[in-house]
Amino acid sequence: MMKNKEKKKIKTKQNEGNFDAQFVCINGVSRFREHPHRERVWNYMGRAPISMCMVIELEDWVEIHNVIVHKPSQRGRGNGTAMIADIRQAFPDHHIWVNTGECSRGFWEKMVERGFIDSIENEYWWPCRDTTCTICHPTRTTGKRRCGSW
Ligand SMILES: [Zn+2]
C-alpha cells in the first residue's frame, strides 16, 4: 500500500474518483477509506461530498466520529441519516456509539430510536468542531478548545 502519499486531512475534491486500494468495502457498503496510520479506522466516503464521517472499530464496538454534513442546506434532509444507516449496514452486529456535540444531540437521539446506532456515550456538554456553530460556541473569546487527536 502506498501509505506515504496519503494525506491526513480529508480533501473531498482530491478523493473523488480516486478508487484505488485504499478504499475497502464492508458488508456491501463501499468507499471506506483506510486511515493512513491506524488500523480499523476508516473515513467513510460513500456519501461524499455531501457527508462524511470517521469510523473506528474496536472489538465489538464501533465509534462514529467527526460526522460532517457539508452544506447547511443539506442538513436535516436525511443525508446524515442515510450515512449512519450505511454504517449500521456495514457493522450490523457491533455496538455503534458516538460522542456528540450539543447541536447534534437531537439527531443522534433519533438515530438511537431508529436503531442505527446503539448509544450516545457523553452526557456532558461537548462543543462541536465547527467554531461558527453558535449552539456549541456561544462565545469564542476564551479560546478554550478541546484538542483531540483528530
Ligand atoms: Zn455545534
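Here is a short back-and-forth about a zinc site and a sheet in a predicted model.

The model is predicted, with local features needing pLDDT of at least 70 and side-chain atom pairs counting only at pLDDT 80 or more, while totals for chains, interfaces and linings use all residues. Residues are numbered from 1 along each chain as its sequence is written, and side-chain values use heavy atoms, with hydrogens and water left out.

Me: What makes Cys-103, Cys-128, Cys-133 and Cys-136 donors of the zinc ion?
Reply: Their SG atoms lie 2.3 to 2.4 Å from the zinc ion. Donors are N, O and S atoms within 2.8 Å of the metal (3.2 Å for Na, K and Ca), so these sulfurs qualify.

Me: Why is the site of the zinc ion called tetrahedral?
Reply: Four donors get that name if all angles lie between 85 and 135 degrees. Here the angles among the four donor atoms are 98 to 114°, so the label fits.

Me: Why is Cys-128 called buried?
Reply: Buried means under 20% relative accessible area (1.4 Å probe, protein chains only), and Cys-128 has 18%, so it makes the cut.

Me: And what makes Cys-103 partly exposed?
Reply: Exposed means over 50%, and partly exposed is in between that and buried. Cys-103 comes in at 33%, so partly exposed it is.

Me: How do you know that β3 and β4 pair?
Reply: Two strands pair if DSSP finds at least two bridges between them. Four bridges join β3 (residues 41–44) to β4 (residues 51–58), so they pass, running antiparallel. Strands here are DSSP runs (E, at least two residues), numbered from the N terminus.

Technical notes. Tetrahedral: all angles 85-135°; square planar, octahedral: opposite > 155°, others 65-115°.
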